Amino acid sequence: MQPKPTRDGFGEELVSLGYENEKIIVFSADLEDSVRSEYFKFKFPERFYNVGIAEQNMVGIAAGLAKEGFITFVTSFAVFLTNRAYDFIRISVCYNNFNVKLCASHAGVTVGEDGATAQSLEDIAIMAVLPNMRVVCPVDYLEAKKITRFITNEYGPFYMRLSRAPYPIITSETDKFEFGKGKIFMEGEDLTIISYGITVSESLKAAEELKKDGISARVINMSTIKPFDEQLVLDSAEKTGAILVVEEHEITNGLGSMIARFLSTKKPVPMEFIAVNDVFGVSGKPYELLEHFGLDYKNIYNVSKKLLKRKKSNSSHKKNNQ
Amino acid sequence: MLKTKVDISYLKKLAREMRKKILIMTHEVNSGHPGGSMSLVEIMLSLYFYKIKYDTTNPLWDERDRVIISKGHATPVVYLTLAKAGFFDENDLMKGFRRFGSVFQGHVYTGVPGIEFNTGSLGQGLSAGIGIALSSRYKKKDFNVYVILGDGEIQEGSIWEAAMFASHHKIDNLCAIIDYNKIQENGFVNEILSIEPLKDRWESFGWNYIEIDGHNFEQIFEALDAFTSSKGQGKPTVIVANTIKGKGVSFMEYNHTYHGRALNKEELEKALQELEGEK
């Protein structure tokens, strides 16, 4: 299967769900063409609203309809949906705990040429911090379909992060999506690489390179970011003794921060983090930008080696102290 | 002409009693928003004792009219009105208001029977009201949605996003009521950021505009009836209710410092005396 953007999986599955469930009502702030919610618009125009360029009002109306028993989807770019409508998401959606699904495409630097203003690198942090909100990010087109279906049938607020860039298809039709569970995509013993979205594919490539050096890395797709799979993280810390978190997001308060907080009380092990380091994005081609920000497999390979050195020196310290 | 007979002298008595209780309940917890509650008393009573459909034994009855309190800090008057309407025991409210462990949260909260939507950050209620009003189309139910807005609140840009949407989509079962008490936290609304000309603004946004004295029951009833008569014309309605912040207590009226401050013991005694003497 050719690489496809996760937004396509979302848009296509939403149409199937639209046939099955009359309670679904979809909103866009004039970006349904880009987010693929227009597929739903074409089939169910009476259950679709382009509210104009007004994200706050969109989220507020969706909350009102959800209060009355409808399942509402609000769609836009990640930057606009999460930042412009934040207070509405906080109060109208999360504090009320209404059945609103925030589905945002164009996350991360792989948006590409549009540059900093369009590249969402804060969304995971500001969505995950909200009580009642759950955060998911599909790893590919196929998983996007399954997650879209899951969040439709599960009550409450969700934030789903989607991509503009085509992602390699690395799951199969028959794989199951399990909410709250990470999945081991490659087994290994020397370290664990945890990621979500496009960087899972890069982590797998890096793990192949590491194999050539005789290093075996466990690679985990953590498509449920909140609540992330604590059991699997703990298991990985115990079995591999070193954790690298890779994310197309700011380094502050992303999945890496959440996992570090968790492990620091349960099972501290050497950790490294690959993320965007407190700067805005820039224009460029998607892969060029992944490389620029060190989110590509070569840097993941390099940082993995550095992490393994720390792990070794840690264990020799321990031995010396005994 | 009024559709149903309501004993206005009884409502006036209730209004006086509620004003006293607003001051007492905020005094007891030394917090809350008395000024903008005093201005809303007649409007809230008119909704619940004259206009809207509801069932206190089944607060989520699907045929009910919905009231969204967008100025979510007006809890004293809102909770008191719901108690008077029979949604819960007024003693529980007076004991629990703003206290730890009580459902009577500082800003309107859906844990309280009769409250439809949590608010407290200004500028959100009108959008919620639109969503609820739209739901009546899908449910094929004929209910109305009332959204209580503060005057300073309409300085929020989101109100105007919502105003545009409501007329564009011909949402005529939606009535916004602006408590135009002229005062916001730090002074006079029209000195801080003028919201005038209100009539021109709302009409140019495609709304029916009605302006009344928000302390005059007859005028409130007529305005509410004018809203429901206008249904079918495809226009949302805004009622601008001219009110007095701190209404009923001489030293509180038009004084912005009582927006978010409770009275001290001395002030409370003086205020209660004034309200006692009010005819």
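Biologist: Which residues line the second largest cavity?
Modeller: In this predicted model, the second largest cavity is lined by M44(B), Y48(B), V67(B), I68(B), I69(B), V78(B), L82(B), G114(B), I115(B), E116(B) and F117(B).

Biologist: Which elements do they come from?
Modeller: At least two lining residues each are supplied by α3 (41–51), β1 (66–69) and α4 (75–85) of chain B, and the largest share, 3 residues, comes from β1(B).

Biologist: And what volume does that second largest cavity have, and how do its lining residues divide by class?
Modeller: The volume of the second largest cavity is about 60 Å³, and its lining divides into 9 nonpolar residues, 1 polar and 1 charged.

Biologist: How many cavities of 30 Å³ or more does the structure hold?
Modeller: There are 3 cavities of 30 Å³ or more in the structure, and the largest of them has a volume of about 90 Å³.

Biologist: What lies nearest the centre of the largest one?
Modeller: Nearest the centre of the largest cavity lie Y54(B), R64(B), D65(B), F87(B) and E116(B), which are part of a lining of 13 residues. By class, that lining holds 6 nonpolar, 2 polar and 5 charged residues. E116(B) is also one of the residues that line the second largest cavity.

Biologist: Pockets next: how much space lies in the largest pocket?
Modeller: The largest pocket holds about 260 Å³ of space. Its lining has 15 residues, and those closest to the centre are K67(A), L60(B), R64(B), I115(B) and E116(B), while the lining as a whole divides into 6 nonpolar, 2 polar and 7 charged residues.

Biologist: K67(A) is from the other chain, so let me ask about the interface: how many residues of chain A are in contact with chain B?
Modeller: On the chain A side 24 residues are in contact, and they meet 27 residues of chain B. The area buried between the two chains is about 2100 Å², with carbon and sulfur atoms giving 57% of that area.

Biologist: How many salt bridges and polar contacts are there between the chains?
Modeller: Between chain A and chain B the count is 3 salt bridges, and 12 residue pairs are in polar contact, with both residues at pLDDT 80 or more.

Biologist: Which elements give two or more residues to the chain A side?
Modeller: On the side of chain A that touches chain B, those elements are α4 (55–67) and α6 (86–95) of chain A, and α4(A) gives the most, with 9 residues. By class, the side of chain A that touches chain B has 12 nonpolar, 6 polar and 6 charged residues.

Biologist: What does R66(B) pair with, and how far apart are the closest atoms?
Modeller: R66(B) forms a salt bridge with E68(A), and the closest N and O atoms of that pair are 2.6 Å apart. In general, side chains of opposite charge can pair when their charged atoms come close.

Biologist: How many salt bridges are there over all chains?
Modeller: Searching the whole structure gives 38 salt bridges over all chains. One salt bridge within chain A joins D8(A) and R36(A), whose closest N and O atoms are 2.7 Å apart. That pair links distant parts of the chain, with D8(A) in helix α1 (residues 6–20) of chain A and R36(A) in the loop between α2 and α3 (38–43) of chain A, 28 residues apart.

Biologist: Changing topic to the backbone, where is P227(A), and is the peptide bond from K226(A) to P227(A) cis or trans?
Modeller: That peptide bond is cis, with omega near 0°, and P227(A) lies in the loop between β10 (224–226) and α10 (230–240) of chain A.

Biologist: And in chain B, what kind of bond joins E196(B) and P197(B)?
Modeller: E196(B) and P197(B) are joined by a cis peptide bond whose omega is about -5°, and P197(B) lies in the loop between α8 (189–192) and α9 (198–204) of chain B.

Biologist: Last one: is phi of D30(A) positive or negative?
Modeller: Phi of D30(A) is positive, near 65°, in a residue other than glycine, and D30(A) lies in the loop between β1 (24–28) and α2 (32–35) of chain A.

Definitions and conventions: Residues are numbered from 1 along each chain as its sequence is written. Chains are lettered from A and ligands numbered from 1 in the order in which they are written. This is a predicted model: local features need pLDDT of at least 70, side-chain atom pairs count only at pLDDT 80 or more; totals for chains, interfaces and linings use all residues. Side-chain values use heavy atoms; hydrogens and water are left out. Contact means heavy atoms within 4.5 Å. Buried area is the accessible area (1.4 Å probe) that two parts lose on being put together, summed over both. A salt bridge is a side-chain nitrogen of Lys or Arg within 4 Å of a carboxyl oxygen of Asp or Glu. A polar contact is a pair of N or O atoms within 3.5 Å; within protein, one must be able to donate a hydrogen and the other to accept it, and residues adjacent in sequence count only if both atoms are side-chain atoms. Helices (H or I, at least four residues) and strands (E, at least two) are DSSP runs, numbered from the N terminus. Ala, Val, Leu, Ile, Met, Phe, Trp, Tyr, Cys and Pro count as nonpolar, Asp, Glu, Lys and Arg as charged, and the others, Gly among them, as polar. On a 1 Å grid over the protein atoms alone, a cavity is a set of points where a 1.4 Å probe fits but cannot get out, and a pocket is an open set with protein on both sides within 12 Å along at least five of seven lines; lining residues have an atom within 4 Å of a point. Grid points are joined across faces, edges and corners, and a volume is the space filled by probe spheres set on the points.
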